[in-house]
Amino acid sequence: MKAFLILEDGTVFTGTSIGSTRDMISEIVFNTSMTGYLEVLTDPSYAGQAVVMTYPLIGNYGITPDMESRKAWPDGYIVRELSRRPSNFRCEGTIQDFLAQQDIPGIAGIDTRALTRILREKGTMNGMITTNLNYNREEILPLLKSYHIGDVVSRATCRKKQVLPGDGKKVALLDLGAKQNIARSLHERGCEVTIYPAHTAAEEIISANPDGIMLSNGPGDPADCVSIIEEIKKIYQSNIPVFAICLGHQLMALAAGAKTHKLKYGHRGGNHPVKDLRTGRVYISSQNHGYVVDTDQMDSSAAVPAFVNVNDGTNEGLEYVGKPIFTVQFHPEACPGPQDSGYLFDRFLEMMEGSNNA
Ligand SMILES: NC(=O)CC[C@H](N)C(=O)O
């Protein structure tokens, strides 16, 4: 069946429908990872976005047990070509069936590199995938222009508190739409991990007396998370060690009085170089973010840059002054992508060892 991708600037791509055939409107973002499409699909940070994969052949190893959460999150999925016959000893099905089961509309057979060039030059924009042959472009364009994602963290977070037992440090993980490998990375280092829903009051977390608090990744515009930022301000005031990733990093910065802004087309992929300003060493990181902390206007008595993106010089991490808090914009939990920065979980463990609170 034919499908169309209509962009906010009026460009139309014609391809083949994959997954669900219903209409969808979303923000269109591109990911440059060459593998790990299942971890991308199940990363809750994609809630409220449709993902274009720039790598031209997707689905080669089918659906494997590499889910990063309970379901797929993107509103839509855009590929050049889907593998017709996946092959892998762990393969449990095809991506086509998975997208249909998860009710995600997609489009295949379009020039995803041409599409990515448009998004890179004009910036991220909204788009629609439709299978309606009689779509009316003039009616659709204003809908695309006025579309706004809204509160996606509430959709992506867990419903109930959950505990992963361990004999080591007690970590409270605030689930803003967390990828599973964050909890797994702490758990495999012996930690007892208590996962809290995003709207948990800071008092509840602090009164459980954890050795450390981890703020996870998550979807949407960080500045929209007004009530969560208020709770994070209380976490900032406590002297409990904090490690935060991506949305967690942005929310801690907002809680400390900084500002965030939207990047032209974001960083999404598995080969973004980041420099650790403490050691001068560069790591290749996994990334998925559209917003960034504005360090130009940040009060340097509150926090100082700890990592910087080597490609565009944007902030990739902060170290808080006089507080056991450090936060990163990239993904040390990888999944998908390089595991080079996994050592940051060890740094968090060391920080919990050294803290008065621990
Ligand atoms: N992976 C994330 O946590 C992303 C954070 C935020 N939603 C952004 O796009 O910048």
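This is a short walk through a predicted model, one selection at a time.

**Stop 1: the annotated trio**

Start by selecting Cys246, His331 and Glu333, which the unreviewed UniProt entry annotates as "active site". They are spread over 88 residues of sequence, but they cluster in space, with a largest C-alpha distance of 11.0 Å.

Zoom in on Cys246. You'll find this residue in the loop between β14 (242-245) and α9 (247-255). Is Cys246 buried or exposed? Its C-beta has 29 others within 10 Å, and 20 are enough to count, so Cys246 is buried. Now show what surrounds Cys246: leaving out neighbours within four places in sequence, the contacts are Ser45, Asn217, His289, Gln329 and His331.

Hop over to His331, in the loop between β19 (325-328) and α10 (343-354). His331 is buried too, with 28 C-beta neighbours inside 10 Å. Residues up to four places away aside, His331 touches a string of others, including Asn217, Cys246, Ser286, Asn288 and Gly337.

**Stop 2: Gln329, another resident of that loop**

Select Gln329, which also sits in the loop between β19 and α10. Gln329 is buried, with 31 other C-beta atoms within 10 Å. Which residues does Gln329 contact, beyond those within four places in sequence? Look for Cys246, His249, His289, Val292, Asn315, Glu316 and Gly317. For a distance to try in your viewer, pick the C-alpha atoms of Gln329 and Ala244: they are 85 residues apart along the chain, and 8.4 Å separates them.

**Stop 3: the ligand and its shell**

Next, show the residues around the ligand: Ser45, Asn217, Gly218, Pro219, Gly220, Pro222, Cys246, Leu247, Asn288, His289, Gly290 and Tyr291. Colour them by class and you get five nonpolar, seven polar and no charged residues. Strand β16 (residues 282-294) supplies the largest share of this shell, four residues.

Compare that with the UniProt "binding site" feature, again from an unreviewed entry: Ser45, Gly218, Gly220, Leu247, Gln250, Asn288, Gly290 and Tyr291. These span 247 residues in sequence, yet no two of their C-alpha atoms are more than 13.2 Å apart, so they gather at one spot.

Two of them deserve a click. Gly218 is in the loop between β13 and α8 (226-237), and is buried with 29 C-beta neighbours inside 10 Å. Sequence neighbours within four places aside, Gly218 is in contact with Pro44, Ser45, Val153, Ala156, Leu176, Gly177 and Leu247. Asn288 belongs to strand β16 and is buried, with 30 C-beta neighbours inside 10 Å. Outside the stretch of four places either way, Asn288 touches Asp43, Ser45, Arg268 and His331.

**Stop 4: the helix after Cys246**

Select α9 next. How many of the nine residues of α9 are buried? Nine of the nine, among them Leu247, His249, Gln250 and Met252. Just past the end of α9, look at the backbone of Gly257, which takes a positive phi of about 100°.

**Stop 5: the ten-stranded sheet**

Switch to a cartoon view and trace an open sheet of ten strands, in the order β10-β12-β11-β13-β14-β19-β18-β17-β15-β16, with mixed pairing. Its edge strands are β10 (162-164) and β16, each of which pairs on one side only. From one strand to the next, the twist averages 20°.

Now pick out β13 (residues 212-215), which runs parallel to β14 and is joined to that strand by three bridges. To see a partnership up close, select Leu215, whose bridge partner in β14 is Ala244. Then bring in helix α6 (residues 180-187), which packs on the sheet and touches β10, β11 (170-175), β12 (192-197), β13 and β14. The direction of α6 makes about 155° with that of β12.

**Stop 6: strand β8, covered on both faces**

Last, select β8 (residues 105-108). Pro105 and Ile107 lie on one side, Gly106 and Ala108 on the other, and all are buried. This fits a general pattern: side chains of a regular strand alternate between the two faces of the sheet.

What pairs with β8? Strand β2 (residues 12-19) runs antiparallel to β8, joined by four bridges, and Ser17 has Ile107 as its bridge partner. Strand β6 (residues 76-78) runs parallel to β8 with two bridges, and there Tyr77 stands opposite Gly106.

Technical notes. Residues are numbered from 1 along each chain as its sequence is written. This is a predicted model: local features need pLDDT of at least 70, side-chain atom pairs count only at pLDDT 80 or more; totals for chains, interfaces and linings use all residues. UniProt positions are given in the numbering used here, feature names are shortened, and annotations may be inferred rather than shown by experiment. A residue is buried if 20 or more other C-beta atoms lie within 10 Å of its own, exposed if 12 or fewer, and partly exposed in between; C-beta atoms are placed from the backbone. Two residues are in contact if their C-beta atoms, placed from the backbone, lie within 7 Å. A residue is near a molecule or strand if its C-beta atom, placed from the backbone, lies within 6 Å of it. Ala, Val, Leu, Ile, Met, Phe, Trp, Tyr, Cys and Pro count as nonpolar, Asp, Glu, Lys and Arg as charged, and the others, Gly among them, as polar. Two strands pair if DSSP finds at least two bridges between them. Axes are lines fitted to C-alpha atoms, for helices over the stretch in contact, and angles run from 0 to 180 degrees between N-to-C directions.
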